[in-house]
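Biologist: I should like to learn how to read the packing of helices. Might we work through an example together?

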Amino acid sequence: MSNSPPTPDTGLLLLVAGAKGAIGSTLAAATVALATEPQPVLNALTTTEKFPYLGPATQIAMAGWDTDPREMVDVLASHRVLPERLWQPRAGALNKIPVRPAPPTADGRNQLDQQVEQLVADMAAFKTTYKNYKPVLVNLLPAAPMAAIRNCTTLAALRQTYRPREQPDIAYALAAVQAGIPVVNFTPNSIEIPAVVTLAEENGVALCGRDGKTGQTYFKVVLASAFKARSLTVDGWYSLNILGNADGENLMDPECAAGKLANKTDLLDDLLGYRVGGRHGAGAHKVHIDYYPPRGDAKEAWDVIDFQGLFGLPMSLRLNLQGRDSILAAPMAIDLSRWMLAVQGAGRKGLIGELGFFFKLPVGRDQSKTFQNQLARLEQLEQACDAAWAP
């Protein structure tokens with residue numbers, strides 16, 4: 001939406017870490033479009049008709065942080081996700097979206113506390129600007145090596161282990177939890193560590209994640225659920241992703257790619273209930289990601305699926321997805337943010353496992369694996385929220 005004064009209606013304020021990335025800038029264009037031409041955006045949401053107690057789905061503002069000093073229209077032009085005709089008429093409103101510099105990442109003593117303090121102050125300022133809007137933190141930062149902090153159970157241990165250059169997500173998550181703001185972790189990074197979750201539960205804050213299930217993995221879950229429902233044994237599954245955006249380039253670092261590859265790989269065995277290709281003596285679920293600059297944000301995914309039917313006779317399926325990464329992700333970020341306002345307003349706190357439908361590696365208890373079960377859990381969660389919000 002434009003940066004005109006917010007209306008008295010209750011709205012949603014997206015606080016985006018990584019606001020000028022490919023997904024973040026696409027999200028910015030979507031929020032601005034909602035103010036003048038909402039239908040193309042509303043048509044892509046799954047929550048347009050849900051949660052009337054949150055206010056209209058068109059009432060969304062955005063603010064956030066980024067390391068990129070350029071104006072929003074300049075990053076939109078460089079990412080080449082959206083054609084210019086979709087954002088140029090709204091250039092003024094886009095450039096007025098408040099995006100603050102990300103906290104410094106130089107290693108130093110008490111660096112985590114200093115970053116959190118800055119972010120909490122930023123969040124308070126954003127909330128003052130948008131007085132009638134309820135904030136949700138949306139983590140869109142790049143994939144990063146997070147293994148060192150995954151088992152930190154206390155803030156003291158986290159302070160000692162934290163490396164700001166490698167794990168900036170943690171500062172955003174802690175700041176949001178301290179400020180009472182629900183968190184959507186759209187990245188493969190493990191920000192839902194014990195120390196953060198404990199603090200969230202103490203502060204009544206809801207968290208959901210991890211790793212948005214946008215394209216290839218979404219259809220993998222759908223197809224694997226279909227194979228399972230028909231008792232067709234998956235003997236092997238080969239997945240190749242080619243993409244040329246900044247995310248693809250970042251994932252060429254093996255340490256940064258490790259989490260995403262694990263998320264994309266582990267879910268299949270968990271869903272099916274057996275190790276794919278186990279009869280061969282080695283796993284036969286292969287996932288590869290390659291950076292291919294000509295593709296830009298328009299990634300391509302190839303899947304080769306070998307499966308068996310009666311008498312173990314072999315069959316195969318080929319799937320070629322030509323998707324647009326940020327176009328698939330941006331509406332999910334909006335939907336998840338609306339879910340989190342509804343969930344936290346209903347009194348839920350900590351990890352919200354029922355939102356696993358949206359993620360490659362859902363966090364929280366009572367995970368549903370198959371597509372149909374995940375949809376059923378969503379419906380149950382919506383009913384529980386509606387009942388809790390009822391006057």
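**Reading helix packing**

Modeller: In this predicted model, helix α8 passes α9 in a left-handed crossing. The two axes come within 9 Å and cross at roughly 15°. Angles under 35 degrees count as roughly parallel, and α8 and α9 are therefore roughly parallel to each other.

Biologist: Which residues make the contact of α8 with α9?

Modeller: Helix α8 contributes Ala-173, Leu-174, Val-177 and Gln-178, while α9 contributes Val-196, Leu-199, Ala-200 and Asn-203. By class, 6 are nonpolar, 2 are polar and none is charged.

Biologist: How do the axes of α6 and α8 cross?

Modeller: The axes of α6 (residues 111–129) and α8 (residues 169–178) come within 8 Å, at a crossing angle of roughly 55°. That angle makes α6 oblique to α8. The crossing is right-handed. On the α6 side, the contact includes Leu-112, Val-116 and Met-123; on the α8 side, Ile-170, Leu-174 and Gln-178 are among the residues involved. The contact of α6 with α8 comprises 11 nonpolar and 2 polar residues, with no charged ones.

Biologist: How should one read the buried residues of a single helix?

Modeller: An α-helix has 3.6 residues a turn, so residues three or four places apart point the same way. In helix α3 (residues 72–79), the buried residues are Met-72, Val-73, Val-75 and Leu-76. They lie on the same side of α3, because they cover an arc of only 160° around the axis.

Biologist: What covers the buried residues of α3?

Modeller: The covering elements include α1, β2, α4, α5 and β3. Just after α3, Arg-80 adopts a positive phi of about 55°.

Technical notes
Residues numbered from 1 in each chain as written. Predicted model: local features only at pLDDT ≥ 70, side-chain atom pairs only at ≥ 80, totals over all residues. Heavy atoms only, no water. Buried < 20%, exposed > 50% of the residue type's maximum accessible area, 1.4 Å probe, protein only. Helix = DSSP H or I, 4+ residues; strand = E, 2+ residues; numbered from the N terminus. Arc of directions from axis to C-beta. Contact = heavy atoms within 4.5 Å. Axes fitted to C-alpha atoms, helices over the stretch in contact; angles between N-to-C directions. Parallel < 35°, antiparallel > 145°, perpendicular 65-115°, else oblique. Left-handed = near helix turned anticlockwise from the far one by under 90°. Nonpolar A, V, L, I, M, F, W, Y, C, P; charged D, E, K, R; others polar.
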